[in-house]
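Let's take a walk through this model, starting with its covalent cross-link and working outwards from there. Keep the structure open alongside the text.

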Amino acid sequence: QVQVVESGGGLVQPGGSLRLSCSASGSIRSGYVMGWYRQAPGKQRELVATITSGFNTNYGDSVKGRFTISRDNAKKTVYLQMNSLKPEDTAVYYCKYSGYREYWGQGTQVTVSS
């Protein structure tokens with residue numbers, strides 16, 4: 001069993017920045033992938049970014065050039081630095097651990113509004 005916990009969401013003005021954190025604990029296996037996904041009201045959950053244990057990254061088209069995913073393997077933590085935030089970035093952001101099985105966090109709300 002793996003536990004995934006996100007933190008760092010909140011309210012930010014357009015053009016602002018926010019950093020999300022996600023920590024995994026429990027039966028962590030090597031070679032796992034961690035990622036961020038988001039879901040806005042009335043929309044499907046979509047990919048934000050993923051990162052492998054070898055630090056290979058992949059980003060959704062809507063966040064390329066504005067968001068950066070990183071990880072600290074020793075801390076089993078992944079981060080999402082979000083810059084130049086737009087109102088359309090408003091969503092619940094979920095962290096996912098992908099190893100032998102997939103585990104999701106509970107989500108953290110990000111609201112971009114003036």
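Searching the whole structure turns up 1 disulfide. One thing to keep in mind as you look: this is a predicted model. The bond runs from Cys22 to Cys95, with the sulfurs 2.0 Å apart. Cys22 sits in strand E3 and Cys95 in strand E9, so far as sequence goes 73 residues apart, and the pair links distant parts of the chain. Turn the view to look along the S-S bond and you'll find a left-handed link, at -85°. Both Cys22 and Cys95 are buried.

**Around the disulfide: Glu6 and Val5**

Both cysteines show up again in the surroundings of Glu6, a residue of strand E1. Beyond its neighbours within four places in sequence, Glu6 is in contact with Cys22 and Cys95, and also with Ser21, Trp36, Tyr93, Tyr94, Gly105, Gln106, Gly107 and Thr108.

What is the nearest side chain of opposite charge to Glu6? That would be Arg45, but it is 7.6 Å away, and Glu6 has no salt bridge even though it is buried. What the Glu6 side chain does reach is backbone: the nitrogen of Gln106 at 3.1 Å, and the nitrogen of Gly107 at 2.9 Å.

Val5 is found in strand E1 too. Is Val5 buried or exposed? With a relative accessible area of 53%, Val5 is exposed. Setting aside neighbours within four places in sequence, Val5 is in contact with Ser21, Cys22 and Ser23. Val5 can also be paired with Ser25, which is 20 residues away along the chain; their C-alpha atoms are separated by 8.7 Å.

**The nonpolar core**

In soluble globular proteins, nonpolar side chains tend to be buried together. Here, the largest nonpolar core has 29 residues, and Trp36, Leu80, Met82 and Tyr93 have the most contacts inside it. Which strands feed this core with at least two residues each? They are E1 (2-7), E3 (18-26), E4 (33-39), E5 (46-51), E7 (67-72), E8 (77-82), E9 (91-98) and E11 (108-112).

Met82 is a handy place to start clicking around. Not counting residues up to four places away in sequence, Met82 touches Gly16, Ser17, Leu18 and Leu20, then Arg66 and Phe67, and finally Tyr93 and Val110. Tyr93 is worth a second look, as it is one of the residues with the most contacts inside the core and is also in contact with Glu6.

**Salt bridges**

Now for the charged side chains. The structure holds 5 salt bridges, including these:

| Salt bridge | N to O distance |
|---|---|
| Arg38 and Glu46 | 2.6 Å |
| Asp89 and Arg38 | 2.9 Å |
| Glu102 and Lys96 | 3.4 Å |

In the Glu102 and Lys96 pair, Glu102 is partly exposed, with a relative accessible area of 48%, whereas Lys96 counts as buried at 11% relative accessibility. Salt bridges that share partners also join Arg38, Glu46, Arg66 and Asp89 into one network. Arg66 is among the residues that Met82 touches as well.

Arg38 appears in two of the table's rows, with Glu46 as one partner and Asp89 as the other. Why does Arg38 count as buried? Because its relative accessibility is 5%, and the cut-off for buried is under 20%. Glu46, at 33%, counts as partly exposed. Asp89, in contrast, is buried, as is Arg38. Asp89 lies in the loop between E8 and E9 while Arg38 is in strand E4, so their bridge ties together parts that are 51 residues apart in sequence.

**Two loop residues with positive phi**

Finish with a quick look at the backbone. Ser84 is in the loop between E8 and E9, the loop that also holds Asp89. Although Ser84 is not a glycine, it has a positive phi of about 50°. Ser84 counts as partly exposed, at 41% relative accessibility.

Where is Lys76? Lys76 lies in the loop between E7 and E8. The phi of Lys76 is near 55°, again a positive value in a residue other than glycine. Lys76 is partly exposed, with a relative accessible area of 31%.

How values were computed
Residues numbered from 1 in each chain as written. Predicted model: local features only at pLDDT ≥ 70, side-chain atom pairs only at ≥ 80, totals over all residues. Heavy atoms only, no water. Core = buried A, V, L, I, M, F, W, Y, C linked by side-chain atoms within 4.5 Å. Buried < 20%, exposed > 50% of the residue type's maximum accessible area, 1.4 Å probe, protein only. Helix = DSSP H or I, 4+ residues; strand = E, 2+ residues; numbered from the N terminus. Contact = heavy atoms within 4.5 Å. Disulfide = S-S within 2.5 Å. Lys, Arg positive; Asp, Glu negative; His and termini not counted. Salt bridge = Lys/Arg side-chain N within 4 Å of Asp/Glu carboxyl O. Polar contact = N/O pair within 3.5 Å; in protein donor to acceptor, adjacent residues only side chain to side chain.
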